Amino acid sequence: MTMGFVAATSTGIPSRAARNLEAAEWADVGIPLLANPRDVIKDLHTRHLPSPSTAVVAVYDPDGRVRASASFSGRVGVFDGWERRNALLSHLRRVIPHDLRLRHPVRTAVLMVCRDGVPAWTPEDGAWMWGLRDACTLHGLRCGSYVSLTGDGWNVIGENRAGRTPNSASWSRQTGGSRSLPEETPKPLPKAAAAR
């Protein structure tokens, strides 16, 4: 038997291409549907006023209430889910303890990424989706919906649900001008958070 052996040509390092999910793959993962995506997206937008290149991750209790959320600026042009996963995990650890002690995840994480470009799936979205799925596994959460927020409005990838408002320019109208978030530079976690 040759169970567990890797072919000699393999480096044993995961492929960057494998750390990216297509929209069809995402739909097949069995992500729980948002009961009312418009309300969820408007609520997250109001809480964080994301500008382009901003990600908003939110954790929901089983009753649908937001337990914690965080927004941060990410580098544009990242197609590897590993980097996206690390950023998401870092911010999740700051805002909510992990649920790894539970036999089955009960809380759900949803990710909304405000970006320029087309509303349909892009390779950058694929990296974010891979990162969200992996970060949820490592933090003991259910992987929830992935939403892109562009100039055309919002789009729940893999669910064929979309709307015009809010959109990637809505933050500017609400703040009355421009603002910028710091580039994604995760700070060292406090010892208590790192031990969780």
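The points below concern the sheet, the helices packed on it, the nonpolar cores and the ring contacts of a predicted model.

1. Sheet topology. The sheet is open and mixed in its pairing, with 6 strands in the order β2-β1-β3-β4-β5-β6. Its edges are β2 (66-73) and β6 (161-163), each of which pairs on one side only. From one strand to the next, the twist averages 15 degrees.

2. Pairing around β3. Strands of a sheet pair through backbone hydrogen bonds, in a parallel or an antiparallel sense. With β1, strand β3 pairs in the antiparallel sense over 7 bridges; one residue pair to inspect is A58 and its bridge partner in β3, V110. With β4 (residues 142-150), strand β3 (residues 108-114) runs parallel, and 6 bridges join the two. On that side, V113 has S148 of β4 as its bridge partner, while L111 stands opposite Y146 in β4.

3. Burial of β3. In a regular strand, side chains alternate between the two faces of the sheet. Both faces of β3 are covered: T108, V110, M112 and C114 are buried on one side, and A109, L111 and V113 are buried on the other. Because 7 of the 7 residues of β3 are buried, the strand is largely enclosed by the rest of the structure.

4. Helices on the sheet. Helix α2 (residues 37-48) packs on the sheet and touches β1 (54-60), β2, β3, β4, β5 (153-156) and β6. The direction of α2 makes about 60 degrees with that of β2. Helix α3 (residues 81-95) also packs on the sheet, where it touches β1, β2 and β3; its direction makes about 135 degrees with that of β2.

5. Principal core. Nonpolar side chains tend to be buried together in soluble globular proteins. Here the largest nonpolar core has 27 residues, and those with the most contacts inside it are W26, L88, L111, W128, L132 and Y146. Two or more residues come from each of β1, β2, α3, β3, α4 (123-139) and β4. Helix α4 gives the most, with 6 residues.

6. Surroundings of L132. Which residues are in contact with L132, leaving aside its neighbours within four places in sequence? They are W26, L88, A109, L111, C143, G144 and S145. Of these, W26, L88 and L111 are also listed, like L132 itself, among the residues with the most contacts inside the largest core.

7. Second core. Apart from the largest core lies another, of 14 residues, which include V56, A58, C114 and W154.

8. Aromatic pair. The structure holds 1 aromatic pair. F72 and W128 form this pair in a tilted arrangement, with 6.1 Å centre to centre and 55 degrees between the planes. The pair links distant parts of the chain, as F72 lies in strand β2 and W128 in helix α4, 56 residues apart. Are the two rings' residues buried or exposed? F72 has 5% relative accessibility and therefore counts as buried, the cut-off being under 20%. W128, at 4% relative accessibility, counts as buried on this basis too.

9. Charge over a ring. R85 lies over the face of W82, at 4.4 Å from the ring centre.

Note on methods. Residues numbered from 1 in each chain as written. Predicted model: local features only at pLDDT ≥ 70, side-chain atom pairs only at ≥ 80, totals over all residues. Heavy atoms only, no water. Pairing = 2+ DSSP bridges. Helix = DSSP H or I, 4+ residues; strand = E, 2+ residues; numbered from the N terminus. Axes fitted to C-alpha atoms, helices over the stretch in contact; angles between N-to-C directions. Contact = heavy atoms within 4.5 Å. Core = buried A, V, L, I, M, F, W, Y, C linked by side-chain atoms within 4.5 Å. Buried < 20%, exposed > 50% of the residue type's maximum accessible area, 1.4 Å probe, protein only. Phe/Tyr/Trp six-rings, centres within 6.5 Å; stacked < 30°, edge-to-face > 60°. Lys NZ or Arg CZ within 6 Å of the ring centre and 35° of its normal.
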